Amino acid sequence: MLATTVTSVPTEFTQQALGYPSLFLLVLIGALVPVVPTGALVSSAAVVAFHRTAPFSMLMVFAVASLAAFLGDMSLYWLGRRGMKSKNGSRWLAAIRDRAPEDRLAQAQEKLADHGVAVLVLSRLVPAGRIPVMLACLMAKWPMRRFAHGNAPACLAWAATYQLIGVLGGSLFKEPWEGVAAAVVLTVVISVAPGLWRRVRSAPR
């Protein structure tokens with residue numbers, strides 16, 4: 001009887017104990033090193049949460065993803081500020097500069113000067129828009145507090161958007177893995193489409 005009780009530990013509890021810390025860590029790393037598809041991670045986690053019967057799963061995914069994104073952005077911005085103040089710069093600042101093309105940076109600086117914090121909020125919802133706006137904030141010498149004031153709602157909006165994508169994908173299929181696949185494909189298309197469109201527009205005719 002005891003053996004049966006021990007082996008019948010709820011699978012959902014085990015998945016949550018491993019899943020939420022993993023989601024937090026991956027989104028945090030993805031914010032610091034923008035090569036991890038964090039949007040797809042959040043959408044996939046939302047699909048799994050959608051198919052769970054455990055209460056508050058969706059809320060936990062939202063809270064974990066938004067908090068990890070916020071802490072990652074703030075850490076990267078702090079490292080960038082240190083690089084700006086250093087005479088020799090830093091590898092973190094160099095990495096930010098490498099991911100902010102001159103035309104995107106100029107556009108971000110112009111919009112930041114005109115609209116302020118609102119541009120920072122929207123930058124996380126635009127594919128490849130976060131880093132140029134962050135660099136523009138660094139070059140404008142925004143203090144940490146001002147950056148945090150705009151970054152907090154940006155991370156909340158980002159987490160909510162990609163969670164909604166996951167919910168839509170999960171609601172279309174009965175099996176969670178099918179919803180995860182659909183959410184991943186959709187997030188990849190959303191991420192790649194603007195870059196392809198810019199290439200088509202700039203291509204010689």
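Visitor: Which helix gives the most to the lining of the largest cavity?

Guide: In this predicted model, helix 9 gives the most to that lining, with 3 residues. Helix 9 spans 144-172, and it appears beside helix 7 and helix 8 among the elements that give two or more residues to the lining of the largest cavity.

Visitor: What makes this space a cavity, and how many are counted at 30 Å³ or more?

Guide: A space is called a cavity where a 1.4 Å probe fits but cannot get out, and by that rule the count comes to 1 cavity of 30 Å³ or more. The largest cavity has a volume of about 30 Å³, and the residues lining it are Asp73, Leu120, Ser123, Arg124, Arg130, Met134, Phe147, Asn151 and Ala154. By class, this lining divides into 4 nonpolar, 2 polar and 3 charged residues.

Visitor: Why is helix 4 called oblique to helix 8?

Guide: Helix 4, residues 57-85, and helix 8, residues 130-139, pack at an angle of about 45°, with their axes 10 Å apart. Angles under 35 degrees count as roughly parallel and those from 65 to 115 as roughly perpendicular, so an angle of about 45° belongs to neither class, and helix 4 is therefore oblique to helix 8. The crossing of the two helices is right-handed.

Visitor: Which residues of helix 4 and helix 8 meet there?

Guide: From helix 4 come Asp73, Leu76, Tyr77, Gly80, Arg81 and Met84, and they meet Arg130, Ile131, Met134, Cys137, Leu138 and Met139 of helix 8. Sorted by class, the residues of this contact are 8 nonpolar, 1 polar and 3 charged. Asp73, Arg130 and Met134, which take part in this contact, also line the largest cavity.

Visitor: How do you know that helix 4 is roughly perpendicular to helix 5?

Guide: Helix 5 covers residues 91-98, and helix 4 packs with it at an angle of about 105°, their axes being 7 Å apart. The range from 65 to 115 degrees counts as roughly perpendicular, and about 105° falls inside that range, so helix 4 is roughly perpendicular to helix 5. Leu76, Leu79, Gly80, Gly83 and Met84 of helix 4 meet Trp92, Leu93, Ile96 and Arg97 of helix 5, and this contact divides into 6 nonpolar, 2 polar and 1 charged.

Visitor: What makes helix 6 oblique to helix 8?

Guide: The axes of helix 6, residues 102-115, and helix 8 come within 8 Å and cross at roughly 60°. Since the perpendicular class begins at 65 degrees and the parallel class ends at 35, a crossing of roughly 60° lies between them, and helix 6 is therefore oblique to helix 8. Helix 6 passes helix 8 in a right-handed crossing. The contact is made by Arg104, Leu105, Ala108, Gln109 and Leu112 on the side of helix 6, and by Pro132, Val133, Leu135, Ala136, Cys137 and Met139 on the side of helix 8, with 9 nonpolar, 1 polar and 1 charged residue in total.

Visitor: Which elements give two or more residues to the lining of the second largest pocket?

Guide: The second largest pocket holds about 280 Å³ of space, and the elements giving two or more residues to its lining are helix 6, helix 7 (117-123) and helix 8. Helix 6 gives the most, with 5 residues. Of the 14 residues in the lining, those closest to the centre of the pocket are Gln107, Lys111, Val119, Val126 and Val133, and by class the lining has 7 nonpolar, 4 polar and 3 charged residues.

Definitions and conventions
Residues are numbered from 1 along each chain as its sequence is written. This is a predicted model: local features need pLDDT of at least 70, side-chain atom pairs count only at pLDDT 80 or more; totals for chains, interfaces and linings use all residues. Side-chain values use heavy atoms; hydrogens and water are left out. Axes are lines fitted to C-alpha atoms, for helices over the stretch in contact, and angles run from 0 to 180 degrees between N-to-C directions. Helices (H or I, at least four residues) and strands (E, at least two) are DSSP runs, numbered from the N terminus. Angles under 35 degrees count as roughly parallel, over 145 as roughly antiparallel, 65 to 115 as roughly perpendicular and the rest as oblique. A crossing is left-handed if the near helix is turned anticlockwise from the far one by less than a right angle, and right-handed if clockwise. Contact means heavy atoms within 4.5 Å. Ala, Val, Leu, Ile, Met, Phe, Trp, Tyr, Cys and Pro count as nonpolar, Asp, Glu, Lys and Arg as charged, and the others, Gly among them, as polar. On a 1 Å grid over the protein atoms alone, a cavity is a set of points where a 1.4 Å probe fits but cannot get out, and a pocket is an open set with protein on both sides within 12 Å along at least five of seven lines; lining residues have an atom within 4 Å of a point. Grid points are joined across faces, edges and corners, and a volume is the space filled by probe spheres set on the points.
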